[in-house]
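Me: Hi! Could you walk me through a protein structure with some questions and answers?

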Amino acid sequence: MAELIRIYEENPNPKEIQRVVEVLRNGGLVIYPTDTVYGLGCDITNSKALQKIARIKGVKLEKANFSFICADLSNLSDYIRQIDTSTFKILKRTLPGPYTFILPGNNSLPKDFKKKKTVGIRIPANTIARTLVEQLGNPIVSTSIHDEDELIEYTTDPELIHEKWDNLVDIVIDGGYGDNVASTVIDLSGNEPVIIREGKGDIDEVL
């Protein structure tokens, strides 16, 4: 049974954040708010938790396109190969924000991602998500939670999310209503930015 925890974005309660971090450290799955849709996440270093998320999403872990939620740009060099100045300027200009950037991975990726040439990086403009990552000490691997109703696409009400995911995750964070538009996904691993998915983030900010 998942626990529903109310955390306020303006001033996240450190005790509540710590409870969620402990669950993540112990291999738990957490649904949490971002600046776009609610995400399903786990500790990037926990293989069992990663396998669980892959199973829920119905994909093989090695083929899954999960994003890395980072607290700020200082984490990037842990996982990303050296990027050029123009790419860094795009990241600096748009993050934190509603974008997922696909960047070239380096040799220090956690073992479950070793074969990946690129990784999706997210730094959401959401205090709860970024505080969790800061306190955990490494990124959260994340994927959006879709609604089964294709017209809705994303569930925005944390109580409904809790009802639906009660037996699949350990904690659902109620951080208020979520958005129903996902992040804009842009591939920066080549010579020119390539738009993979148009979402909440303004493309003109990038190009």
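Here are some questions and replies about this model.

This is a predicted model, where local features need pLDDT of at least 70, side-chain atom pairs count only at pLDDT 80 or more, and totals for chains, interfaces and linings use all residues. Residues are numbered from 1 along each chain as its sequence is written, and side-chain values use heavy atoms, leaving out hydrogens and water.

Me: Is serine 67 buried or exposed?
Reply: Happy to help! Buried means under 20% relative accessible area, exposed over 50%, and partly exposed in between (1.4 Å probe, protein chains only). Serine 67 has 15% relative accessibility, so this residue counts as buried.

Me: Which residues does serine 67 touch, not counting residues up to four places away in sequence?
Reply: A contact means heavy atoms within 4.5 Å. Leaving out residues up to four places away in sequence, serine 67 touches Thr100, Gly120, Arg122, Ile140, Val141 and Ser142.

Me: Which element gives the largest share of the lining of the largest pocket?
Reply: On a 1 Å grid over the protein atoms alone, a pocket is an open set of points where a 1.4 Å probe fits, with protein on both sides within 12 Å along at least five of seven lines; lining residues have an atom within 4 Å of a point. Here 25 residues line the largest pocket, and Ser67 is among those nearest its centre. Strands (E, at least two residues) are DSSP runs, numbered from the N terminus. The largest share, four residues, comes from E6.

Me: What percentage of the 207 residues of the protein chain count as buried?
Reply: The cut-off used for serine 67 applies again: under 20% relative accessible area. Of the 207 residues, the share that count as buried is 51%.
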